[in-house]
Structures are given as structure tokens and as C-alpha cells.
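The following exercises ask you to read packing and pairing geometry from a model and to check each step against a worked solution. Please inspect the sequence and the coordinates before turning to the solutions.

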Amino acid sequence: MLKVENLNKSFGDKKVLVNTNLEVEKGSIVMIVGESGVGKTTLIRCLCGLEVYDSGRISFSHDDEVEDKSIGLVFQNFNLFPHFSVIKNITYSLIKGRKMIKEDAIKKAKELIELLGLSGLEDSYEYQLSGGQKQRVAIARALAMEPQYLCFDEPTSALDYKLRDSVGEILKTVASKGMGVIVITHDRDFADKYGNKIYELGR
Ligand SMILES: Nc1ncnc2c1ncn2[C@@H]1O[C@H](COP(=O)(O)OP(=O)(O)OP(=O)(O)O)[C@@H](O)[C@H]1O
């Protein structure tokens with residue numbers, strides 16, 4: 001379980017997170033809702049190590065057999081490498097960061113491409129993809145790193161309304177593989193439908 005206790009974060013004089021608490025079990029989907037500006041993105045940036053927090057604790061409890069502290073993030077705008085094909089977007093960090101053999105990285109990427117319904121798009125570039133396809137490439141890329149927890153920043157906001165449920169099904173698939181899923185959303189119906197728990201971040 002991922003546990004956030006009394007997390008505080010300010011930007012200058014502005015207190016954004018004040019004694020924020022959160023618990024995420026593996027295999028579950030936790031939705032974070034709240035008005036614009038309450039600090040939802042700041043919270044997940046702290047979780048992923050992209051932001052330094054002022055005080056409090058982020059810890060992993062003992063149900064994590066291997067104490068793997070990896071938390072991945074799927075950015076709201078996906079952040080794909082525009083000059084790389086779909087398959088290279090997925091394999092790049094495996095090969096360069098994890099030093100995986102290229103053939104193994106490609107095998108893994110192909111499994112994820114299949115899982116996320118991207119077959120046939122292996123050699124496409126970002127500009128050739130729809131919003132939903134870009135998002136699924138970003139999810140495949142994050143899953144390739146095998147994080148224990150995966151955060152999604154507003155996964156439905158850039159997409160056509162009808163794609164909302166397909167995103168929900170992907171979140172369920174990710175959780176069913178044993179990962180803890182943390183989702184920022186403005187969409188209360190989506191949160192109610194797919195969240196195992198909903199945290200309302202307040203001022
Ligand atoms: N790097 C930064 N420097 C200064 N202020 C920041 C920085 N990042 C965020 N903030 C401020 O912190 C507050 C919380 O921002 P954050 O993006 O976390 O909110 P949010 O709840 O995700 O909002 P939204 O729903 O609109 O995306 C905002 O007032 C924002 O202006």
C-alpha cells in the first residue's frame with residue numbers, strides 16, 4: 001500500500017497541500033477530485049518525485065512483497081516523443097534507461113501494443129495518431145516500466161466524450177494486473193463509475 005501522511009507543499013507564500021493524507025491499495029483505483037487549483041497535480045507530482053514536498057511522509061507498507069517504490073505517471077498531454085515511432089516511444093526508456101536488450105524491449109512493447117489495442121500502429125508517429133491512440137501509447141510506455149503504482153492526470157479531459165468508458169476499462173485492466181491506480185479527474189460521474197475510492201482534495 002502507498003501511504004501519504006500529512007503532506008505539505010507551498011509555492012512561496014502559497015500553501016497548496018496542507019496535511020494531505022492518501023492511501024492507495026494495490027489493485028485498486030483511487031480518484032482524486034477537487035476544484036481547480038486545490039493541488040491535485042501538485043500531489044501526484046510529489047508522488048512521482050517531480051516536485052519536492054516541504055514536510056510529511058510518502059511510504060510503502062509491507063504488503064508490497066518486493067519493496068519497489070516505483071510510481072509512474074501518464075501526463076495530461078501525453079508527452080510522447082514526436083520524432084519517435086510508437087514502438088520506439090515504448091522501448092526507448094527500457095533500452096536506454098533499463099539497459100534491456102533491444103529484442104526483449106520490442107517483445108514487451110508488442111505485448112503492450114496488443115493489450116492496448118494499438119496493433120498496426122507500431123511504425124506511426126504522434127502526428128498520425130488520434131488523441132485516444134496517443135493516450136494509449138503513453139499508457140503503454142508507462143506500463144513498460146512496470147511501476148507498482150500508476151498516476152493519470154486528467155485522463156479523460158483531452159478525449160472525445162465517448163472514449164471516456166474505454167479509458168475507464170483501461171484503468172480497470174491496469175488495476176487488475178495488481179498495480180495501484182491514482183487518477184485526477186474533474187469528471188465526477190467517471191470517478192463514481194470507476195473509482196474504488198474517491199478523495200476530495202479541499203482548500
Ligand atoms: N511550479 C509552481 N510554481 C508556483 N505555483 C505553482 C506551481 N505549480 C502549481 N502552482 C500553484 O499551485 C496551485 C495548485 O496547482 P495544481 O496544478 O496542483 O492544481 P490542480 O488542482 O491540479 O488544478 P487544475 O484542476 O486546474 O489542474 C495553483 O494555485 C497553482 O498556480
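**Exercise 1.** At what angle do helix 2 (residues 86–96) and helix 4 (residues 131–144) pack, and how far apart are their axes?

Solution. Two conventions come first: this is a predicted model, in which local features need pLDDT of at least 70, side-chain atom pairs count only at pLDDT 80 or more, and totals for chains, interfaces and linings use all residues. Residues are numbered from 1 along each chain as its sequence is written.

Step one is to fix the elements, where helices (H or I, at least four residues) and strands (E, at least two) are DSSP runs numbered from the N terminus. Step two is the geometry: the packing angle of helix 2 and helix 4 is about 25°, and their axes are 9 Å apart, with axes being lines fitted to C-alpha atoms, for helices over the stretch in contact, and angles running from 0 to 180 degrees between N-to-C directions. Helix 2 is therefore roughly parallel to helix 4, given that angles under 35 degrees count as roughly parallel, over 145 as roughly antiparallel, 65 to 115 as roughly perpendicular and the rest as oblique.

Step three is the handedness: helix 2 passes helix 4 in a right-handed crossing, where a crossing is left-handed if the near helix is turned anticlockwise from the far one by less than a right angle, and right-handed if clockwise. Step four lists the residues: Val86, Asn89, Ile90 and Leu94 of helix 2 make the contact with Val137, Ala140, Arg141 and Ala144 of helix 4, two residues being in contact if their C-beta atoms, placed from the backbone, lie within 7 Å. By class, this contact of helix 2 with helix 4 holds six nonpolar residues, one polar and one charged; here Ala, Val, Leu, Ile, Met, Phe, Trp, Tyr, Cys and Pro count as nonpolar, Asp, Glu, Lys and Arg as charged, and the others, Gly among them, as polar.

**Exercise 2.** Describe how helix 3 (residues 102–115) packs against helix 2, and then treat helix 3 and helix 4 in the same manner.

Solution. For helix 2 and helix 3, the axes come within 9 Å and cross at roughly 135°, and the two helices are therefore oblique to each other. Their crossing is right-handed. On the helix 2 side the residues are Ile87, Ile90, Thr91, Leu94 and Ile95, which meet Lys102, Ala105, Ile106, Lys108, Ala109 and Leu112 in helix 3; the residues of this contact divide into eight nonpolar, one polar and two charged.

Turning to helix 3 and helix 4, the angle is about 135° with the axes 10 Å apart, and these helices are therefore oblique to each other. The crossing of helix 3 and helix 4 is also right-handed. Lys108, Ala109, Leu112 and Ile113 in helix 3 meet Ala140, Leu143 and Ala144 in helix 4, which by class gives six nonpolar, no polar and one charged residues.

**Exercise 3.** What is the strand order of the open sheet of three strands, and which helix packs on this sheet?

Solution. Pairing comes first: two strands pair if DSSP finds at least two bridges between them. Strand 1 (residues 2–11) runs antiparallel to strand 2 (residues 14–24), and seven bridges join them, with Val4 having Leu22 as its bridge partner in strand 2. The hairpin of these strands has two residues between them, and Gly12 there takes a positive phi near 60°. Strand 1 is also joined by five bridges to strand 4 (residues 55–60), again antiparallel, and Lys3 has Ser59 as its bridge partner in strand 4.

The order is thus 2-1-4, with antiparallel pairing. Strand 2 and strand 4 are the edge strands, each pairing on one side only. Helix 1 (residues 40–47) packs on the sheet and touches strand 1, strand 2 and strand 4, its direction making about 60° with that of strand 2.

**Exercise 4.** In what order do the five strands of the other open sheet lie, and across which strands does helix 4 lie?

Solution. The order is 5-6-7-3-8, with parallel pairing. Within the sheet, strand 6 (residues 149–153) and strand 7 (residues 180–184) pair in the parallel sense over five bridges, and Asp153 stands opposite Ile184 in strand 7. Helix 4 lies across strand 5 and strand 6, and runs at about 170° to strand 5.
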